[in-house]
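Here are a few notes to read alongside the picture. Take them one at a time, and turn the model as you go.

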Amino acid sequence: MNKTELEKKLTALYQPRLFKDYAPNGLQVEGKDQINKIVTGVTASMALIEAAIAKQADAIIVHHGYFWKGERPEVVGMKYRRLSALIKNDINLFGYHLPMDAHLLVGNNANLARALGVESLRPLESEKPLEESIGVVGKLAVPLSPEAFQMLVEKVVGREVLFEAVSDSHISDVALCTGGAQGYIDKALAANADVFITGEVSEQTIHTAREEGIHFCAAGHHATECFGPKALAQHINDVWGIDCEFIDIPNPA
């Protein structure tokens with residue numbers, strides 16, 4: 001597939017114009033024209049770039065790309081090494097941040113919800129349509145105790161999680177927003193959720209959970225945001241017919 005055609009397909013899929021984001025969505029570093037092998041991942045780290053080089057990839061598609069608002073503009077140090085490796089190996093880098101969080105087919109939130117058995121999704125950002133909401137709310141088919149729900153989350157994300165059970169009450173309504181969305185706990189409360197799942201936790205988050213009576217789970221920024229890149233790789237293989245694989249670069253954060 002031609003690079004331009006791939007970019008058009010990704011733009012049509014993710015609809016980045018619908019999101020006000022913190023980094024450019026789309027082609028961030030230009031490489032070769034012909035795309036035969038694609039790698040997806042969470043973050044465009046040097047480890048992911050080196051893995052892509054070893055796989056002879058022509059393009060990398062990530063959730064966390066480059067050129068974030070507020071970052072220093074100088075191309076030195078880590079930024080130079082990453083960009084230099086991409087350019088020297090003629091690899092295209094595509095980044096999709098909020099669009100990959102929100103997408104209902106190949107996004108982080110919807111695929112984490114599916115893996116947990118959360119159904120009948122509605123927007124966590126109630127003022128937005130579901131396909132534009134950063135976060136979702138839904139129901140479990142069978143309510144679970146806090147202990148059983150924590151075990152389910154740990155099985156799905158493949159790691160131990162921080163779980164603050166504020167009572168013995170069972171969990172039915174689940175709000176989730178992957179990554180560093182602990183500040184969205186107020187939205188989970190407004191949605192009458194029994195539990196809020198995100199990637200990270202702040203000190204004040206636990207106090208909010210305890211005092212407002214909502215179970216809280218911090219399941220890892222990286223761990224919760226593997227679901228979109230994994231689903232995208234499968235979609236590219238199955239629907240677009242291009243050799244694509246997700247490469248996980250483990251990160252405890």
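**Notes on the fold**

1. Let's begin with helix 5 (residues 108-116), which lies across strand 5, strand 6 (136-144), strand 8 and strand 9. Helix 5 runs at about 150° to strand 5. Please keep in mind that this is a predicted model.

2. Those strands belong to an open sheet of 6 strands, and its order is 5-6-8-9-10-7, with mixed pairing. At its edges stand strand 5 (118-123) and strand 7 (162-164). Each of these two has a single partner strand, so one side of each is left without a neighbour in the sheet. From one strand to the next, the twist averages 20°.

3. Have a look inside this sheet at strand 8 (residues 171-176) and strand 9 (residues 195-198). They pair in the parallel sense, over 3 bridges. If you would like a pair to find, Val174 has Val195 in strand 9 as its bridge partner.

4. Now move to the other open sheet, where 5 strands follow the order 1-4-3-2-11 and the pairing is mixed. Which strands stand at the edges? They are strand 1 (26-29) and strand 11 (243-246); each has a single partner strand, so one side of each lacks a neighbour in the sheet. Ignoring direction, neighbouring strands here are turned by 30° against each other on average.

5. Strand 1 and strand 4 (residues 92-95) run antiparallel and are joined by 3 bridges. Leu27 is a handy marker, standing opposite Phe94 in strand 4. Helix 1 packs on this sheet, touching strand 1, strand 2 (37-43), strand 3 (59-64) and strand 4. The direction of helix 1 makes about 10° with that of strand 4.

6. Helix 1 (residues 3-14) also packs with helix 10 (residues 227-240), at an angle of about 120° and with the axes 13 Å apart. Angles from 65 to 115 degrees count as roughly perpendicular and those over 145 as roughly antiparallel, so helix 1 and helix 10 are oblique to each other. Their crossing is right-handed. Helix 1 brings Leu6, Lys9, Leu10, Leu13 and Tyr14 to the contact, while helix 10 brings Leu232, His235 and Trp240. These residues divide into 6 nonpolar, 1 polar and 1 charged.

7. Finally, step back to the whole chain, which has 10 helices and 11 strands. Its C-alpha atoms fill a box of roughly 55 × 40 × 30 Å along the principal axes. For 253 residues, a compact globule would have a radius of gyration near 18 Å; the chain has 19 Å, which agrees.

Notes:
Residues numbered from 1 in each chain as written. Predicted model: local features only at pLDDT ≥ 70, side-chain atom pairs only at ≥ 80, totals over all residues. Heavy atoms only, no water. Axes fitted to C-alpha atoms, helices over the stretch in contact; angles between N-to-C directions. Helix = DSSP H or I, 4+ residues; strand = E, 2+ residues; numbered from the N terminus. Parallel < 35°, antiparallel > 145°, perpendicular 65-115°, else oblique. Left-handed = near helix turned anticlockwise from the far one by under 90°. Contact = heavy atoms within 4.5 Å. Nonpolar A, V, L, I, M, F, W, Y, C, P; charged D, E, K, R; others polar. Pairing = 2+ DSSP bridges. Rg over C-alpha atoms; globule rule 2.2 N^0.38 Å.
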